[in-house]
Amino acid sequence: MEDSIVQVAFSRFPIVIEEMLNIEITYDTQYVVRKGWLEGTNMYMGKTPLFLESSRIDKQNNHVLLDAQLFIGACSEPNMRWKLTIELEDIQTGKIHTIFVFFQTQI
């Protein structure tokens, strides 16, 4: 993915916990998202899956726009730091590329 750009856009900011969060992931058509998950970085709370929804092709820019949803649970820590992991597979080579998105929530 050296020449490729992956963009992750959250539906709202600041991010609200205990509600489904819509996410749009944009990436080159030569890839497919295989899976994704969320983990706390300052307090481990297990892995929360990223729910992959519908996708559409932007033919003009040769990009895929993938809609996904994520539920961020409440925690006893008032300032949580998170790592969203997204695995993409190169359709041509089968190579897996891992993208990390770091963000923070506050109660």
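This is a short walk through the strands, side-chain contacts and backbone oddities of one structure.

Okay, thanks everyone. One caveat up front: what you have on screen is a predicted model. Let me start with the strands and then go to the side chains.

So, strands. In the open sheet there are 4 of them, in the order β4-β3-β7-β8, and the pairing is antiparallel. Which strands stand at the edges? Those are β4, residues 48–49, and β8, residues 96–106; each has a single partner strand, so one side of each has no neighbour in the sheet. Inside that order, β3 (residues 31–40) and β7 (residues 79–90) run antiparallel and are joined by 9 bridges. If you want a register mark there, take G40, which stands opposite W82 in β7.

There's also pairing that involves β1, β2 and β6. Strand β1, residues 7–10, pairs with β2, residues 20–28, in the antiparallel sense over 4 bridges. V8 is your marker for that one, since you'll find V8 opposite I25 in β2. Then β2 also pairs with β6, residues 63–71, again antiparallel, over 9 bridges. Here E24 stands opposite D67 in β6. Hang on to those two names, they come back in a minute.

For anyone who wants the background: strands of a sheet pair through backbone hydrogen bonds, and that can be parallel or antiparallel.

Right, salt bridges. How many does the count come to? It comes to 4 salt bridges. Let me go through some of them. R56 and E24 meet side chain to side chain at 2.7 Å, N to O. R56 lies in strand β5 and E24 in strand β2, so this pair ties together parts 32 residues apart in sequence. On accessibility, R56 is partly exposed at 37%, and E24 is partly exposed too, at 26%.

Next one: R34 with E89, at 2.5 Å, N to O. That pair also links distant parts of the chain, with R34 in strand β3 and E89 in strand β7, 55 residues apart. R34 itself comes out at 47% relative accessibility, which counts as partly exposed. And here's where E24 and D67 return: salt bridges with shared partners join E24, R56 and D67 into one network.

Another salt bridge is R12 with E19, at 2.9 Å, N to O. R12 is partly exposed at 31%, and E19 is partly exposed at 37%.

Still in β3, there's K35, partly exposed with a relative accessible area of 44%. As a distance check, the C-alpha atoms of K35 and Q92 are separated by 18 Å, and the two residues are 57 apart along the chain.

On to the rings. The structure holds 3 aromatic pairs. F10 and F13 make one of them, and that pair is tilted, with 6.3 Å centre to centre and 45° between the planes. F100 and F102 have ring centres 6.4 Å apart and planes at 35°, so that pair is tilted as well. Buried or exposed, what about F102? F102 is exposed, at 57%, while F100 counts as partly exposed at 44%. And F13 is exposed, at 65% relative accessibility. There's a cluster as well: F10, F13 and F103 form one aromatic cluster.

One more ring contact, for those of you who care about charges over rings. The charged end of K47 sits over the ring of W37, 4.7 Å from its centre.

Staying with nonpolar side chains, M20, F51 and F71 make a surface patch of about 250 Å². F51 belongs to strand β5, residues 51–58, and counts as partly exposed at 39%.

Last topic, backbone geometry, in case you plan to look at torsions. Where is the cis peptide bond? It runs from F13 to P14, with omega near 5°, and P14 is in the loop between β1 and β2. That same loop between β1 and β2 holds E18, which has a positive phi of about 65° although it isn't a glycine. E18 is partly exposed, at 45%. N62 also has a positive phi without being a glycine, about 60°. You'll find N62 in the loop between β5 and β6, partly exposed at 45%.

That's my tour, happy to take questions.

Methods:
Residues numbered from 1 in each chain as written. Predicted model: local features only at pLDDT ≥ 70, side-chain atom pairs only at ≥ 80, totals over all residues. Heavy atoms only, no water. Pairing = 2+ DSSP bridges. Helix = DSSP H or I, 4+ residues; strand = E, 2+ residues; numbered from the N terminus. Patch = residues over 30% accessible without salt bridge, like charges linked within 9 Å, V, L, I, M, F, W, Y side chains within 5 Å. Areas by Shrake-Rupley, 256 points an atom, 1.4 Å probe, with all protein chains shown as cover. Buried < 20%, exposed > 50% of the residue type's maximum accessible area, 1.4 Å probe, protein only. Phe/Tyr/Trp six-rings, centres within 6.5 Å; stacked < 30°, edge-to-face > 60°. Lys NZ or Arg CZ within 6 Å of the ring centre and 35° of its normal.
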